[in-house]
Each structure stands twice: as structure tokens, then as C-alpha cells.
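Me: I am new to this structure. Please show it, then let us go through it in short turns.

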Amino acid sequence: MKVKRYVVASVPEALPLIRGDLGSDAVILSTKEIKTGGVLGLFGKRRMEVIAAAETKPVPKPAPARQPAARPAAALAASPSGLGMAEEAQAEPATTLGRPAEPPAESWRRPEPPPKPLPEAPSPPPRRDRMPTDGRPSADALQDELLQEVRGLKTWIRQLGLQQEADGRSEPLRQLMERLERQEVAAEWRDRLLEELLTEPDFESLSLQPEALREAARAIIERWLSPFEAGGDILDQARTIHFVGPTGVGKTTTIAKLAACETLQRQRSVGLITADTYRIAAVDQLRTYADILGVPLEVVFSPAEAARAFQQLADKDIVLMDTAGRNYRSELQINEVSSMLRTGSASETCLVLSLTARTADMESVALPFIEHGVTKAIFTKLDETRVYGALLNLSLSHRLQPLYIASGQTVPDDLERFSSRRYAALLIGDGADV
């Protein structure tokens, strides 16, 4: 038996090597995950050790070549090279001076080897689309079966590796990773956070101190999100701000909060426009806020009326426009909302999302608007959920900049600028929920 060891990145990578070295009859004896390189067992690359073997068959000994039979004397006499030899052989006495007669000269020659047979033409390979007549499975069936076995082996190895990795973690580190998983933080960012924690110079002692470990994780997440705070306040960068998003996320209440902040705290003149004429009492709700704040409100039903409304509010410092909540799966309705936003002046569009939705749902809602160029967002209903990972996923994966976070219905108190430090602390928690 011939046994050979391979160190590869994954088991499928070893299969062609095994077939090339040991043949198609080779079998895999064992697979094991190992680490190569690194320092003191850390930072090593994960590799797979594959042991394979194949039976070695004994080489049969070649059969001895058969000596050709001596040609008859008549044939020798008839051949051009043997003329007269037959007569000499008959005339020569049997013995000469008491010695036996020497054999004829023709018998001293080495027998000529038999002619080599012509090689047979190779038979064409069997077609894969043809089922063998002997009932054996086709090549396609064997390949599919092999692929299924490889996939199953990969899944088992991956689960085993994750289990071994989890078993090797300290208790504080395990609790931190479980906390982030409950917060619906994507696996990509959990793995990246773990990698950055491993690069800490005092990770061995840090991983045994729960509070110190959480503080290090907070600092990393804060560093990831801090670039989104460098953009400044959207209210200072654009005169017109459009608010878009699905139904029920709190667009109208958010507009009222921003209008109150600009009017009462910053003493700026504000104008309101609403295109939400589909929802019952939506216009009345915003009109009530406009009357309380003493700001004008324009109601529009079409893009032409939107242009007129902006002219009516040309003397205002800032104009906030509310749009109807539309079905984000309908491209027609998304384009209908987009047609309302062509104001021709310096403007920004802000997506409003609710933190009470699941991460997958929020991503499905946000992607159509992101494809239309929306890059800024306000997240609402912070007080109605305890899962905050969707904000991190959308910001890092799709570069969606969080501007404000709303946490209640009080106008204008329940609205604050996004802070990466406060959000990181909220996401990591204080360890009380473990």
C-alpha cells in the first residue's frame, strides 16, 4: 500500500493531486484541520491535512520468449543463403577423428525475434450521454455522486472547524460573539472584529477580562463608523431635503422633529411640502405640526405642482418635503417618487428606516433606493427594539450614512445626531444581558 500526506487549503483541492499521484482507486484515510506558520501558535493559516492511500499491485514477470523452431533442411537448400548446404551435411561423416560432428553453420546463428504486432487503434472514449449496456452508472452519475460527497465533507469539516474554534475561545470572548450574533450583526463583520481583536498586543489577558474586552470591541466599531460622522449636518449642506422610505417608518414625525429643531433652536425659516396624499390623514398630521410651529405647508399631487410649491417657498432657509410611502418592490412606484424629487436646486434625499425591522427586510427596502443614488439615512423607533445590528450592516456593507436616530414620538426631543460612540456602546452592551 502506498500512503501519502497532503497539506492543502481545502479537501477538494487535494482530490486532483491524489488522483495524479495515487490513481483513481485511491481512498482518503483521514482529514484534519491544522495551522501552519504563525508565532507561538497564533496567526497561523488554517490548512487541511489529507492522508490518502492506494493499493500497489505486483508487476507480473514477463514470460520467456519462445525459441523459433529450426527450419527444415529442404527450406535451407531452397533459400538463396543455404544453397549446397544440404549436400555438404549428407556427405560429411558423423564423426571426425573421434569427435562428434559439429552442428551446421546455420544452427549457430541467433534466432531472429518474432515480428512485433501492429498496435491496435485506441477505442473512442465512451459518450457521457449514453448509458452503458452492462447496467453500471454513467460517468455523469458518478461525478454527481462524487460532488455530493465532497460537499457533504466540506460542510462537515466547516462545522467541525467552527466547533473547535468556539471551544477554544475564552468565556468572555464567546459571550461577546454570541451577543453580536443576537444583534444580527453579519458574520462578515463578526469575523473581522474577531481578527482585529486578535491583533491586540495583550489579547491573551484581554480575552479573560469581560469589561476590557467589550471596551476594545467598542473602540473598533467606533473606528469603523466614525468616518460617517465627518460629513457634517445635512441641514447645513442642502436647502431642500426629501424624505423617502416605506410606509409606517415615521417619515412625517421625523420631518416635524427636524422642522421644530430648525425653527425653535436654530431660528431658521422652514417650509414644508407633502406629497403623501395616499395615506388617510397624512396631510392633516403634518398640517397640525405646521400650525404649531407657524410654518407654511404646501400640498402637491404631481411633479408640476411640486415645482410650483418650491417657488412658493423660495424665501425659506430650508424646505423639508414628505413623500408617500411606496412599495419598494415596485420599480414604477419608486420612479414615481423619484419624479417628485427633481427640484433643480441644491437638494438631498434621505431614506427613513425603522430599526424594528429585521436586517434582511431593511436591506431589501434600502437597496432599491440606494440604486437610485440615496446615500443618507435616518433610523427611527430605537425605543421599540433591542436589536441594533442592522444599522452597522447597512452602513458598512452599502456605505449608507446614518444621520439621525429617533427614539420616540416627542417633538423635537426624541431625535439626536448619530454618534458612533453611543451606537457602539449600545450595540456591545454592558454584559447584563448575557
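**Salt bridges and helices**

Reply: At 13% relative accessibility, Glu-49 counts as buried (buried is under 20%, exposed over 50%, partly exposed in between, with a 1.4 Å probe and protein chains only). This is a predicted model, where local features need pLDDT of at least 70, side-chain atom pairs count only at pLDDT 80 or more, and totals for chains, interfaces and linings use all residues. Residues are numbered from 1 along each chain as its sequence is written, and side-chain values use heavy atoms, leaving out hydrogens and water.

Me: Which side chain does Glu-49 meet in a salt bridge?

Reply: A salt bridge puts a side-chain nitrogen of Lys or Arg within 4 Å of a carboxyl oxygen of Asp or Glu. Here the N to O value is 2.5 Å, and the partner of Glu-49 is Arg-5.

Me: How many residues apart in sequence are the parts that this pair ties together?

Reply: Arg-5 lies in strand S1 and Glu-49 in strand S3 (strands are DSSP runs of E, at least two residues; helices are runs of H or I, at least four; both are numbered from the N terminus). The pair therefore ties together parts separated by 44 residues.

Me: Is Arg-192 buried or partly exposed?

Reply: Arg-192 forms a salt bridge with Glu-196 at 3.4 Å, N to O. The two are 4 residues apart in helix H7, so about one helical turn separates them. With a relative accessible area of 35%, Arg-192 is partly exposed.

Me: How many salt bridges does a search of the whole structure find?

Reply: Glu-211, Arg-214, Glu-215 and Arg-218 are linked in a network of them. The search of the whole structure finds 18.
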